[in-house]
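Visitor: I would like to walk through a model and its contacts. Where shall we begin?

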Amino acid sequence: MEISASQVKELRDKTGAGFMECKAALVESNGNVEQAVTVLRTKGQAKAEKRASRSTLQGVIGHYVHQGGQVAVIVEVNCESDFVARTDDFQALVKEIAMHIAAANPTHVRREEVPAEELETEKTIYRKQFENSDKPAPVIEKIVKGKVNAYYEQVVLLDQPSIRDPKTTIGSMVTAAVAKLGENITIARFARFKVGDSPD
């Protein structure tokens, strides 16, 4: 089918993918832009998984200070080469992540960093909510699992919906950048400071 330049542009604006990748995705999805986004994300995930084992020893430390100077963030984002670290796309990704951290206030980069005791505390709270319920245990555990996933979205950076586009998580943004830039990208660490907050 005929794919218009405006369709390709719309898809590129949504995903940041290359012209030919967008056109191929639109052909595959019969011109449906939303389906094409899914196609690109699926392919991007596959590319990201292939590159996930590559070491990321380059990168930048980005920062963001919110208007008024009440909140500040520093974040280290790594990639494989200094060349990619200097690109506008990588720099924009780092800035976007720093701004997101300032607004969303995550406490961990990835799920594996959440302490086991913290998770158990949350699960205990959720289970107590159903102490007098007549729901079967398997149903309760399924609900608890859903609540734990929702908790991850609150505290884990990679699981959080983007403040700019709630349909996209920060993890998906990184995956899309991996597909576009052709290198493994990882968020190493971050620190968020707010005036008046006492240190841990």
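**Salt bridges and domains**

Guide: The side chains of Arg 110 and Glu 113 join in a salt bridge, 3.0 Å from N to O. A salt bridge here is a side-chain nitrogen of Lys or Arg within 4 Å of a carboxyl oxygen of Asp or Glu. This is a predicted model, where local features need pLDDT of at least 70, side-chain atom pairs count only at pLDDT 80 or more, and totals for chains, interfaces and linings use all residues. Residues are numbered from 1 along each chain as its sequence is written, and side-chain values use heavy atoms, with hydrogens and water left out.

Visitor: Is Arg 110 buried, partly exposed or exposed?

Guide: Buried means under 20% relative accessible area, exposed over 50%, and partly exposed in between (1.4 Å probe, protein chains only). Arg 110 has 25% relative accessibility, so Arg 110 is partly exposed.

Visitor: Which class does Arg 86 fall in, buried or exposed?

Guide: Arg 86 forms a salt bridge with Asp 82 at 2.1 Å, N to O. Asp 82 is partly exposed at 38%. Arg 86 has 54% relative accessibility, so Arg 86 is exposed.

Visitor: How many salt bridges does the structure hold?

Guide: Side chains of opposite charge can pair when their charged atoms come close. One of the salt bridges links Arg 111 and Asp 159, with the closest N and O atoms 2.8 Å apart. For the structure, the count is 8.

Visitor: How many salt bridges cross the interface of domain 2 and domain 3?

Guide: The domain assignment, automatic or from a database, gives domain 2 as 58-110 + 156-194 and domain 3 as 115-154. Their centres, over C-alpha atoms, are 30 Å apart. In contact (heavy atoms within 4.5 Å) are 6 residues of domain 2 and 5 of domain 3. Across this interface the salt-bridge count is 0.

Visitor: Which three residues supply 69% of the area that domain 2 buries against domain 3?

Guide: Buried area is the accessible area (1.4 Å probe) that two parts lose on being put together, summed over both. Between domain 2 and domain 3 it is about 420 Å², with 48% from carbon and sulfur atoms. The 69% on the domain 2 side, more than any other three residues give, comes from His 108, Val 156 and Asp 159.

Visitor: How many disulfides does the rule count?

Guide: A disulfide is a covalent bond between the sulfur atoms of two cysteines. The rule asks for a pair of cysteine sulfur atoms within 2.5 Å. Cys 22 is buried at 0% relative accessibility, and Cys 79 is buried at 0%. The disulfide count is 0.
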